[in-house]
2 protein chains.
Amino acid sequence: MTADSGVSLAFLGMGIMGASMAANLSKAGFSVKVWNRSPGKPGLKKALAAGCRGAESIKDCVADASIIFSCLGDVEDVKAVLAESGGVVDFAPESALVVDFSTIGPRAAREIWETLAKSPARLRFLDAPVTGGDIGAANGTLTIMLGGERADFDEALPYLSKMGKVIEYCGPAGSGQALKLANQVLCAVNMLAVSEALSLAERFEIEPSLVVDVLKEGAGGSWALANLGARIIKDDLAPGFMLKHMIKDLRLIHDNADGAALNLPAMEMAESMFKELVEADGEAAEGFGTQAMIEVYRR
Amino acid sequence: MTADSGVSLAFLGMGIMGASMAANLSKAGFSVKVWNRSPGKPGLKKALAAGCRGAESIKDCVADASIIFSCLGDVEDVKAVLAESGGVVDFAPESALVVDFSTIGPRAAREIWETLAKSPARLRFLDAPVTGGDIGAANGTLTIMLGGERADFDEALPYLSKMGKVIEYCGPAGSGQALKLANQVLCAVNMLAVSEALSLAERFEIEPSLVVDVLKEGAGGSWALANLGARIIKDDLAPGFMLKHMIKDLRLIHDNADGAALNLPAMEMAESMFKELVEADGEAAEGFGTQAMIEVYRR
């Protein structure tokens with residue numbers, strides 16, 4: 001499917017992720033109109049350089065679009081841009097499909113789904129959080145986890161396949177978000193494992209690089225060990241995945257627990273360590289990668 | 001190097017692991033004499049069928065051996081067979097090399113190293129714990145982590161290479177044990193990650209197989225997720241790695257902490273769950289694989 005199929009795409013949110021994803025759609029030959037709240041962002045320039053057309057407003061961006069993608073920030077940003085007055089819900093064409101890549105948790109996704117479905121234009125919605133980071137977005141190798149109607153997933157697939165490699169339908173609205181939060185639990189707790197194994201190696205006075213190099217391919221192996229463990233050994237705290245984003249994603253798990261006890265004690269242990277880092281080291285620490293957890297063990 | 005190099009090998013302990021390892025040495029053409037405390041064991045029969053020769057006693061097994069391998073149980077078994085009266089220390093030839101594959105922790109390894117070095121025969125010792133399980137032992141694809149003298153490691157390498165694929169010198173006596181315990185920390189805590197991600201998926205009512213199938217190749221991926229997560233989904237609690245062995249290995253970490261606080265809170269959380277399973281479900285639970293941890297989350 002190419003641009004001459006006549007499908008017009010919109011993309012809202014030109015952060016690092018969104019800009020790369022919009023650029024990949026444009027490079028694949030699709031007609032993409034992009035918008036960002038603050039106009040001066042480098043991501044916006046990157047998307048325009050890749051052939052996207054800039055829009056002055058949300059209305060300008062989505063008014064002719066049959067599929068509207070978004071990659072925004074936290075829950076309130078996504079609700080404001082998609083589902084509240086002055087947002088997509090006011091300007092999108094009848095029964096347009098909205099696909100949101102932000103991580104906002106299952107409840108917010110279901111709420112947006114419902115608001116859009118009940119709107120005058122009867123918009124359709126897929127929650128579509130991603131993993132794979134800036135590199136995955138740039139290379140079109142993201143994992144994209146989708147919740148919503150199967151038919152809508154099928155309609156979006158030709159476009160999603162330009163942005164991701166593993167593209168998985170997970171179930172009704174919110175299901176993509178649920179799987180993404182499970183992924184964040186894995187990432188957070190695997191980081192505990194890496195930190196404690198390296199901490200033990202330091203205590204037992206063996207070369208910490210042995211932990212990464214020898215154990216990564218065995219039964220103790222993980223992506224976190226091979227990649228973030230390797231950064232710890234080089235004293236490299238650059239993200240990877242930023243502490244502040246991990247803290248936000250883990251907060252979403254609490255927000256979605258309906259007030260019930262979570263019974264995720266290891267996740268909560270990791271969460272409190274991530275927060276401790278930010279509390280102790282301030283704003284700079286927010287930008288560290290999650291592998292900064294090792295610092296908690298060194299105190 | 002083959003049997004006609006005249007090197008005579010001994011192998012003590014014909015459990016599942018030891019029997020496969022001795023069999024691989026014999027199949028590679030080496031002359032291997034084997035011994036097991038209880039003579040009727042299936043492992044002993046397997047080794048004999050693979051061409052090993054049976055020995056009546058420790059003395060008979062090691063008296064002519066230049067390299068003596070052992071794969072035994074817990075610390076006391078290994079000390080008794082190698083370093084105490086009536087053991088290898090009394091019967092091995094002058095300066096023979098003893099290579100022990102058991103997991104016993106760094107301190108016990110250093111103690112055995114010292115006892116053997118100071119013995120009249122001035123025996124040499126390598127601690128050489130393994131990972132890779134019964135399948136790795138059978139296929140000769142174990143990871144073997146060695147502590148001791150580098151020259152002794154070099155001498156043992158041609159034989160080790162018939163039993164393992166990744167064979168790593170880790171440093172002075174006890175270093176192989178230290179790396180093995182770091183591996184067990186990874187295995188134990190990665191199991192927390194898998195259990196909590198699957199637990200969250202159940203709570204959020206998505207298909208738990210998505211957690212394994214979609215997330216295993218990404219930033220949340222681990223050997224534990226791909227292999228033990230997959231068993232959980234099939235309600236398969238068969239080991240993998242037995243709970244009772246994991247509990248023993250984690251105990252060794254405490255035993256080697258010199259009374260100081262461990263500061264390995266996630267490891268201790270996993271350990272208390274493994275123990276809870278055994279306490280609640282009795283002897284049968286000891287034989288479950290570590291993935292039985294999911295049961296703690298389902299209570």
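Contact here means heavy atoms within 4.5 Å. Keep that in mind for the exercises below, and remember that this is a predicted model.

**Exercise 1. Find out which residues B:Asn24 touches, and whether B:Asn24 is buried or exposed.**

Solution. Start by locating the residue: B:Asn24 sits in helix 1 (residues 16–27) of chain B. Next, list its partners, skipping residues up to four places away in sequence. You get B:Ala137, B:Ala138, B:Asn139, B:Gly140 and B:Lys162. Take one of them, B:Ala137: it is 113 residues away along the chain, yet the two C-alpha atoms are separated by 8.5 Å. Last step, the accessibility. Buried means under 20% relative accessible area, and B:Asn24 has 12%, so B:Asn24 is buried.

**Exercise 2. Work out how chain A is laid on chain B.**

Solution. Two copies of a chain are related by a rotation about an axis and a shift along it. For this pair, the turn is 180° and the shift along the axis is 0.0 Å, with an RMSD of 0.0 Å. That is what a two-fold axis does. Now ask which residue of chain A comes closest to the rotation axis. That's A:Ser222, whose C-alpha is at 1.9 Å. Finally, check the interface: 100% of the interface residues of chain A are also interface residues in chain B, so the copies meet through the same surface.

**Exercise 3. Describe how helix 13 of chain A packs with helix 13 of chain B.**

Solution. Two packed helices are described by the angle between their axes and the distance between the axes. Here helix 13 covers residues 265–281 in each chain, the angle is about 170°, and the axes are 11 Å apart. Angles over 145 degrees count as roughly antiparallel, so that is the label for this pair of helices. Which residues meet? From chain A come A:Pro265, A:Ala266, A:Met269 and A:Met273, and from chain B come B:Pro265, B:Ala266, B:Met269 and B:Met273. Sort the residues of this contact by kind and you find eight nonpolar, no polar and no charged.

**Exercise 4. Decide where the buried residues lie around helix 11 of chain A, and what they pack against.**

Solution. First pick out the buried residues of helix 11 (residues 223–233) of chain A: A:Ala224, A:Leu225, A:Leu228, A:Gly229 and A:Ile232. Looking down the helix axis, they fall within an arc of 110°, so they line one face of the helix. Then look at what they pack against. In chain A, that's helix 9 (175–203), helix 10 (208–215) and helix 15 (294–298), and helix 9 (175–203) of chain B joins in.

Now try helix 8 (residues 150–160) of chain B in the same way. Its buried residues include B:Asp152, B:Phe153, B:Ala156, B:Tyr159 and B:Leu160. They cover an arc of only 105° around the axis, which puts them on the same side of helix 8 of chain B.

**Exercise 5. Trace the surroundings of A:Leu9 and A:Lys33.**

Solution. Begin with A:Leu9, in strand 1 (residues 8–12) of chain A. Its relative accessible area is 1%, so A:Leu9 is buried. Leaving aside neighbours within four places in sequence, its contacts include A:Leu25, A:Val32, A:Lys33, A:Ile67 and A:Tyr159. A:Val32 is 23 residues away in sequence, but 4.7 Å away in space, C-alpha to C-alpha.

Move on to A:Lys33, in strand 2 (residues 31–35) of chain A. A:Lys33 is buried too, at 16% relative accessible area. With the same neighbours in sequence left aside, A:Lys33 is in contact with A:Leu9, A:Ala10, A:Phe11, A:Arg53, A:Ala55, A:Asp60 and A:Cys61. Between A:Lys33 and A:Leu9 the C-alpha distance is 6.3 Å, across 24 residues of sequence.

**Exercise 6. Look up the positive phi values of A:Arg122 and B:Asn263, and place both residues.**

Solution. Most residues other than glycine have a negative phi. A:Arg122 has a positive phi near 45°. Its place is the loop between helix 6 (106–118) and strand 6 (124–127) of chain A, and at 52% relative accessibility A:Arg122 counts as exposed. B:Asn263 has a positive phi of about 55°. It lies in the loop between helix 12 (243–255) and helix 13 of chain B, and at 38% B:Asn263 counts as partly exposed.

Technical notes:
Residues numbered from 1 in each chain as written. Chains lettered and ligands numbered in written order. Predicted model: local features only at pLDDT ≥ 70, side-chain atom pairs only at ≥ 80, totals over all residues. Heavy atoms only, no water. Least-squares fit on C-alpha atoms with pLDDT ≥ 70 in both. Axes fitted to C-alpha atoms, helices over the stretch in contact; angles between N-to-C directions. Helix = DSSP H or I, 4+ residues; strand = E, 2+ residues; numbered from the N terminus. Parallel < 35°, antiparallel > 145°, perpendicular 65-115°, else oblique. Nonpolar A, V, L, I, M, F, W, Y, C, P; charged D, E, K, R; others polar. Buried < 20%, exposed > 50% of the residue type's maximum accessible area, 1.4 Å probe, protein only. Arc of directions from axis to C-beta.
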